[in-house]
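Here are a few short exercises to work through with the model open beside you. Try each task before reading its solution.

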Amino acid sequence: MKKLLLTLALCFCALTASAQNIAVGGRIGSGLQIQGEFQFDNDNYGEGRFGMSWLSGGGLTVDCTLLYQWEIAKFNLTPGYGEWFVDAGAGVNVGGKAHYAYVGVAGCAKFGIKLKDLPIKVAIDWTPIFGPEIAYYKKYRASDFYGRGLANFALSCVYCF
């Protein structure tokens with residue numbers, strides 16, 4: 001688990017080093033997380049989230065997600081307020097607490113608006129997680145599909161630098 005978290009942290013640093021535009025904010029819904037977005041040369045961007053989740057069914061867990069997001073569409077529903085967007089992404093999610101862990105592939109579907117007069121993006125996203133959840137304690141071991149990971153919905157707000 002420690003090696004996986006170290007690898008994720010190194011990938012996060014590599015994304016930061018190659019980024020041009022940075023956005024920082026928060027995400028609340030199925031958990032409470034700090035969110036960072038790193039815009040690349042094209043319209044695609046990397047997204048990292050770190051915080052806590054209450055999807056485990058047994059209290060709070062530490063949660064980390066790294067995603068690569070593709071810009072799918074931009075459109076002007078409300079030209080006076082900002083530009084609406086639809087993004088989709090894929091990445092990895094890992095989390096856990098004492099004697100419990102989960103890891104899996106994460107997808108993302110995001111719908112939001114980049115405000116016209118403020119450097120702020122507000123979005124609603126669904127980030128389903130497909131992978132196992134593992135419980136372990138002394139000689140006890142159990143694993144199952146992490147079904148609660150499919151309920152990962154949230155509202156995010158980031159400030160674009």
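**Exercise 1.** In which loop does histidine 99 lie, and is this residue buried, partly exposed or exposed?

*Solution.* Keep in mind that this is a predicted model. Start with the place: histidine 99 sits in the loop between β5 (82-97) and β6. Next, look at the backbone: its phi is positive, about 65°, although histidine 99 is not a glycine. Finally, take the relative accessible area, which is 40%. Buried means under 20% and exposed over 50%, so histidine 99 counts as partly exposed.

**Exercise 2.** Find where lysine 138 is placed, then classify its accessibility.

*Solution.* Lysine 138 belongs to the loop between β9 (132-137) and β10 (140-145). Its phi is positive too, about 45°, and lysine 138 is not a glycine. The relative accessibility is 66%; the cut-off for exposed is over 50%, so lysine 138 counts as exposed.

**Exercise 3.** Which residues make up the largest nonpolar core, and which strand gives the most to it?

*Solution.* The core has eight residues: Leu55, Leu67, Tyr100, Tyr102, Ala106, Cys108, Ile129 and Tyr146. Strand β6 (residues 100-115) gives the most, with four residues. Now follow one core member: beyond its neighbours within four places in sequence, isoleucine 129 has contacts that include Ala106 and Tyr146, as well as Asn93 and Phe145.

**Exercise 4.** How many helices and strands does the chain have, and what percentage of its residues count as buried?

*Solution.* Count one helix and eleven strands; from the N terminus, the helix precedes the strands. Of the 161 residues, 40% count as buried.

Note on methods
Residues are numbered from 1 along each chain as its sequence is written. This is a predicted model: local features need pLDDT of at least 70, side-chain atom pairs count only at pLDDT 80 or more; totals for chains, interfaces and linings use all residues. Side-chain values use heavy atoms; hydrogens and water are left out. A nonpolar core is a set of buried Ala, Val, Leu, Ile, Met, Phe, Trp, Tyr and Cys residues joined through side-chain atoms within 4.5 Å. Buried means under 20% relative accessible area, exposed over 50%, partly exposed in between (1.4 Å probe, protein chains only). Helices (H or I, at least four residues) and strands (E, at least two) are DSSP runs, numbered from the N terminus. Contact means heavy atoms within 4.5 Å.
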